[in-house]
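User: Could you take a close look at one part of this model, chosen for how much its side chains and backbone have to say, and set that part against the chain as a whole? I would like one connected account rather than a list.

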Amino acid sequence: MSADLPVEEPARRVTDPDDVVGAYTWARSFRIWDTYFALIWLATLVFVLGTANPGWPVRLAAAALLVPLIPLFVWVGRPILRGDPPEERQALGYLVAAMALFLPSAILVGETRLMTFALVPQCFMSLRIRRALTAVAVINLAPVAGWALLWWPSDQDVFFNGLFAVVTLVFSVALGTWVIRIIEQSQERAELIAELDASRHEVSRLSAAHGALAERERMAREIHDTLAQGFTSLLMLVQAVEAELDHDVSQARRHLALMDETARLNLAEARALVAGGGPADLAGASLPDALRRLAARHEATLEVTGPLRPLPAGPEVVALRACQEALANTRKHAGSPTSVGITLGYTDDTLTVSVRDDGCGFDPSAVGTGADGYGLAGLRARVVEAGGTAQVRSAPGAGTTVTVRLPVPPPRSSP
């Protein structure tokens with residue numbers, strides 16, 4: 001019995017196991033220990049009172065010494081043993097009191113030594129190994145020595161009782177040491193499990209934080225590539241209309257119509273962004289059609305090469321966003337280019353989109369990651385996520401070319 005109970009010590013600390021019904025095996029299994037202790041005590045009392053020798057007065061005295069062991073265990077020993085871990089100083093005091101009752105009774109009547117099977121496990125459950133071994137040696141050997149000195153039995157009785165005490169001591173030490181080792185391993189495993197659980201929660205927290213950061217970055221790119229660019233276009237169109245109202249009303253009206261179209265498209269982009277859908281330009285249209293509308297708004301030309309075919313939404317969205325970003329940069333930074341062109345190329349395994357202008361150009365190595373460089377950085381990040389490559393060629397006074405290449409599935413062969 002003693003070997004099974006300590007192994008079930010819980011990994012987590014519980015102040016009062018009775019407050020958590022059925023929460024821990026240790027709390028439930030202690031009822032078995034209570035039953036075990038009561039049975040050993042009752043059997044010992046029966047043996048003491050039922051033996052033929054010594055006489056009744058001595059047996060009654062020995063039995064009287066056993067009676068206080070029950071309240072001592074219930075009120076003192078049981079709460080100490082259920083500690084996690086047990087308080088060793090309190091446990092030592094409890095075991096000293098228990099042995100003060102047990103040893104005189106065991107010296108008076110040898111049958112009292114049956115109580116050893118209840119006291120020895122408690123030593124290993126509550127004391128460190130050295131103190132536990134000392135207490136177990138006293139519990140096993142002192143009763144036999146005292147009994148022999150008090151009653152002077154025959155040499156044969158002394159030999160057999162002493163041999164039995166030694167065998168019981170060896171068995172108790174071996175079993176108790178094994179139990180303590182198991183308890184230590186269980187505690188180590190409990191610590192490792194606690195560390196693993198803490199690490200798992202930390203990984204979960206970091207994963208959630210990373211996911212939130214990635215989502216913020218994605219939303220920032222989407223807003224930059226759609227709404228921000230649309231508002232920028234609206235501002236530039238407003239400036240154009242203000243300059244044209246006095247001398248070129250027809251051109252101002254054309255720009256007003258373009259403002260209306262841009263505002264409606266921005267509204268559609270905002271709705272698509274909230275709904276988590278694709279770009280408004282691609283709603284019900286092919287990529288070349290979307291790029292034609294985009295080129296018309298930016299007064300650019302479009303050239304399509306290679307056999308057109310339907311592609312997955314992912315590469316088409318990235319290609320459209322790349323064109324939007326490149327054209328927005330052209331409008332903001334190229335000065336007054338005389339020509340802006342878009343080239344869309346289809347091959348068996350690659351979709352290529354290129355935006356070129358003959359504007360003032362810039363030094364690509366001087367572009368940082370601040371407000372001016374966020375667009376190109378976001379463009380590159382989006383393309384890399386799709387497994388493609390982005391290349392920016394430019395130089396002061398030599399125009400700019402932005403080329404994006406994206407992997408696409410090969411066309412299906414005809415049966």
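Analyst: The protein chain exposes about 22,800 Å², and carbon and sulfur atoms supply 62% of that area. This is a predicted model, and every value below is computed from it. Of the 415 residues of the protein chain, 41% count as buried. The chain has 11 helices and five strands, and among its contacts with a separation of 6 or more, 68% are accounted for by residues 24 or more positions apart.

The part I have chosen is helix α1 together with what surrounds it, and the aromatic rings are a good way in. The structure holds three aromatic pairs. One of them joins W33 and Y36, whose ring centres are 5.2 Å apart and whose planes stand at 35 degrees, so the pair is tilted; stacking would require planes under 30 degrees apart, and edge-to-face packing an angle over 60 degrees. Why are these two residues about one helical turn apart? They are three residues apart in helix α1, which covers residues 25-50, and that spacing separates them by about one helical turn. W33 counts as buried because its relative accessibility is 0%, and the cut-off for being buried is under 20%. Y36 falls under that cut-off as well, since its relative accessible area is 13%.

A further pair is formed by F37 and F73, with ring centres 4.2 Å apart and planes at 15 degrees, and so this pair is stacked. It links distant parts of the chain, because F37 is in helix α1 while F73 is in helix α3, and the two are 36 residues apart. F37 is buried because its relative accessible area is 2%, and F73 likewise counts as buried because its relative accessibility is 4%.

From F73 the account passes naturally to helix α3, which runs over residues 69-81. F73 is among the buried residues of α3, along with L69, L72, G77, I80 and L81. Although α3 has 13 residues, its end C-alpha atoms are only 15 Å apart, which is short of the 18 Å that a straight helix would reach at 1.5 Å a residue. The helix bends by about 35 degrees at W75, and a proline, P79, follows within four residues; I note the bend and the proline side by side, without claiming that either one accounts for the other.

Between α1 and α2 (56-66) there is a loop, and P54 has its place there. The peptide bond from N53 to P54 is cis, with omega near -5 degrees. P54 also turns up among the contacts of a residue from another helix: leaving aside neighbours within four places in sequence, W151 is in contact with P54, V58, I107 and L108.

W151 is found in helix α6. Is W151 buried, exposed or partly exposed? Its relative accessible area is 37%, and so W151 is partly exposed, the bounds of that class being 20% and 50%. Two of its contact partners can be described further. W151 and I107 are 44 residues apart in sequence, yet their C-alpha atoms are 8.9 Å apart in space. With L108 there is a polar approach, in that the backbone oxygen of L108 lies 3.1 Å from a polar atom of the side chain of W151.

The tryptophan that comes next, W152, lies in the loop between α6 (129-151) and α7 (155-244). W152 has a positive phi of about 45 degrees although it is not a glycine. W152 is exposed because its relative accessible area is 68%, and the cut-off for that class is over 50%.

Two places outside this part may serve as comparison. Helix α9, covering residues 287-297, has L287, P288, A290, L291, L294, A295 and R297 as its buried residues, and α9 is followed by E299, whose phi is positive, near 55 degrees. In strand β3 (residues 350-357), S354 is the residue to look at. S354 is buried because its relative accessible area is 13%, and its side chain makes a polar contact of 3.4 Å with the side chain of T403. Beyond its neighbours within four places in sequence, S354 is in contact with G341, I342, T343, T401, V402 and T403.

Notes:
Residues are numbered from 1 along each chain as its sequence is written. This is a predicted model: local features need pLDDT of at least 70, side-chain atom pairs count only at pLDDT 80 or more; totals for chains, interfaces and linings use all residues. Side-chain values use heavy atoms; hydrogens and water are left out. The expected span of a helix is 1.5 Å times one less than its number of residues. The bend at a residue is the angle between axes fitted to the seven residues ending there and the seven starting there. Buried means under 20% relative accessible area, exposed over 50%, partly exposed in between (1.4 Å probe, protein chains only). A polar contact is a pair of N or O atoms within 3.5 Å; within protein, one must be able to donate a hydrogen and the other to accept it, and residues adjacent in sequence count only if both atoms are side-chain atoms. Contact means heavy atoms within 4.5 Å. Accessible areas come from the Shrake-Rupley method with a 1.4 Å probe; for residues, only the protein chains shown count as cover. Rings of Phe, Tyr and Trp (its six-membered ring) pair if their centres lie within 6.5 Å; planes under 30 degrees apart count as stacked, over 60 as edge-to-face and the rest as tilted.
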